[in-house]
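Colleague: I would like a close look at a single part of this model, the sheet. Please walk me through the sheet, then go on to whatever else can be described.

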Amino acid sequence: MASSASDDSTSTARLSDLEELAVLVRRLAPARTPRQRADAANAILRRLEQEDSSIGPFDVIVADAVPALLHAAQTPKRSTENLQPDPSTPVDVVTMSDSSLLVLSHLCSAGVQILADAGWQIDDDGTGRGRPVYIHPGSGQSRDTPPDDLSLSLPPSISSAVASNPDAQWALDLLFELSTLTTPYASPLDGRLIWPARVRHHEPANPASGPGSVEGLPARTQALTVVDVVQDDDEENAEGEDGTTVPMLASTRHLVLGPWHGVTGFRETEVDLDAPPGTHLESWYTCALAATALLAIPAARAGRGRVLMLGLGGGAVPAFINRHWPGVAVEAVESERSVVKVAERWFGLSCEPSVIGPVDGVFPDSEGRGDPDEIKETPNFVRDVVARTTRLRITAAETFAVAAASDPECRYDAVLVDVYTRGSFPVPLLNQAFFDSLVKLLKPSGWLCVNAGVGGDRAAVEGFVRKCVPSTVVLMDGTKGSLEGDYENAVVVGLPAGAGVDSVSPSAWKERTAEVRESWPDAPVPPFTLSRVVTSEDDELKIFWDGASPADPEKPAPAPELLDKSDPAFELFD
């Protein structure tokens, strides 16, 4: 009995410590003052350093503290020679940054020690991206993913946490990866200080009320993070400052809803920072959603149509449609104002009405941190000559669908649904009534196109769609295998009466894109072409994209116009 009571007491104390940690992580949020953030970082460090503390490095990772710690550490402008902050940086900002770096250093040391206990070392892969490489000196092995034989070297608390929750493996991987992510370096091209993963914006999860809620922070059910990730450009090299040839580095911007799992983890949206918003789409299923928006428009209307998108994310699909198909008017419904704000501020989506003001578009931010020179850190942005906007509605998808069904003005050629996130379709939307309401928003020839994800949710979505439309096809990534889990997200398409699998075909794509080119000869050519469709069982269509559409040989593409560093457009991306 005494042992049981002791165990209960230990569990209660452990739970209390984790709740306290969660509050401290929220107090690290960028929306708070530098002094408040420094105090929170110091409090976390004290708990990590206490010998009898139940809080360890793994717990700090699981609590999603890394984005806020990185943001704080990266705030001051630092020298590339000794990493010292600029002398003009306010003392509180330096204190905040240094306190956060101490916590990150503690986490890195813990990860390195776990690897060392198993005979492994970790190093940078040398590409300039800050990616780890794991080396086993004893056997000569080298790999770019964490080794599998770490179970005996893991502390009992981590071992039990991973064993009881396999989804927590990401936290262990990030614990190892931190030692390379927290090491900035000087660009060989121009000497700028580069962080492999630079956190641009972060809002932690925060309860609306109760003892765990932090005053002054918006209520959020899941965290929201914007992070710039360095990539290597395999196709280009450049001359460095010392005259040597060095590989070009590119950057992508990620929007993450929920805990940040590192540079290779889940992201809601990914965009290329070396091109104007809407130039590219980075995933197979977003290409499929954008393509169906054009294919749904009857040929007689020459590329002129109206599309509704439920779920905005970073706005990649609306931005792509706005840029490449000027005759398609896009309306978007998003339940979170903060997501819309991020799509405008950090991903360049032009919305009407806009939800950002002057204070959102330039440094310094609301805390007075940063330097106006920061906006010059991402070079080679080209001027975006396409100025179309997305009409915006901030409300829940189901609320809008029910209300709009009775409004004859709300009828669309395509309804695109992109609310699947982190491996699941929102439970409140997994019902027949919701999908029936979406069909009511379609014109007689309209298409319902849903990012259905994979597994059980895909089957459920497909079942709901089949019950409310005359015909249904499922678009799959043709480049993937047939093994379970190998496919990217499926896109379920509900078609009107008389439409079939030939509605999604290379000939239909060629016809629609030709109509756009004829009506808007100055519109950019889409960077992909629907080259092949293979019909398989159960109305599945395996879709193959070619990498780029052929440019008009009689109309060479204009050379990119590089922005002058004083141009206000730099303010969009910092």
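Modeller: A definition comes first: two strands count as paired if DSSP finds at least two bridges between them. The model is a predicted one. On that basis there is an open sheet of 10 strands. Read across, the order is β12-β13-β11-β10-β14-β15-β17-β16-β19-β18. The pairing is mixed. In general, strands of a sheet pair through backbone hydrogen bonds, either parallel or antiparallel.

Start at the edges. They are β12, residues 351-352, and β18, residues 529-535. Each of these two strands pairs on one side only.

Now move inward to one pair. Strand β15 covers residues 442-453, and strand β17 covers residues 490-495. The two run antiparallel and share five bridges. To find the register, look at L448: it stands opposite G494 in β17.

A helix packs on this sheet as well: α12, residues 397-405. Helix α12 touches four strands. They are β10 (305-310), β11 (328-334), β13 (390-394) and β14 (412-417). Its direction makes about 140° with that of β10.

Next, the enclosed space. The model holds three cavities of 30 Å³ or more. The largest cavity has about 90 Å³ of space. It is lined by 12 residues. Closest to its centre are V271, D272, P276, P277 and G278. Strand β9, residues 269-272, gives the most to this lining, with three residues. By type, the lining of the largest cavity has six nonpolar, three polar and three charged residues.

The second largest cavity has about 50 Å³ of space. Its lining is V271, G278, H280, G314, G315, A316, A319 and F347. V271 and G278 are also among the residues closest to the centre of the largest cavity, and both line the second one. Here the split is four nonpolar, four polar and no charged residues.

One last stop is A31. You will find A31 in the loop between α1 (2-26) and α2 (34-49). Is A31 buried or exposed? A31 counts as exposed because its relative accessibility is 52%, and the cut-off for exposed is over 50%. A31 and P204 are 173 residues apart in sequence. In space, their C-alpha atoms are 9.7 Å apart.

Key:
Residues are numbered from 1 along each chain as its sequence is written. This is a predicted model: local features need pLDDT of at least 70, side-chain atom pairs count only at pLDDT 80 or more; totals for chains, interfaces and linings use all residues. Side-chain values use heavy atoms; hydrogens and water are left out. Contact means heavy atoms within 4.5 Å. Axes are lines fitted to C-alpha atoms, for helices over the stretch in contact, and angles run from 0 to 180 degrees between N-to-C directions. Buried means under 20% relative accessible area, exposed over 50%, partly exposed in between (1.4 Å probe, protein chains only). On a 1 Å grid over the protein atoms alone, a cavity is a set of points where a 1.4 Å probe fits but cannot get out, and a pocket is an open set with protein on both sides within 12 Å along at least five of seven lines; lining residues have an atom within 4 Å of a point. Grid points are joined across faces, edges and corners, and a volume is the space filled by probe spheres set on the points. Ala, Val, Leu, Ile, Met, Phe, Trp, Tyr, Cys and Pro count as nonpolar, Asp, Glu, Lys and Arg as charged, and the others, Gly among them, as polar.
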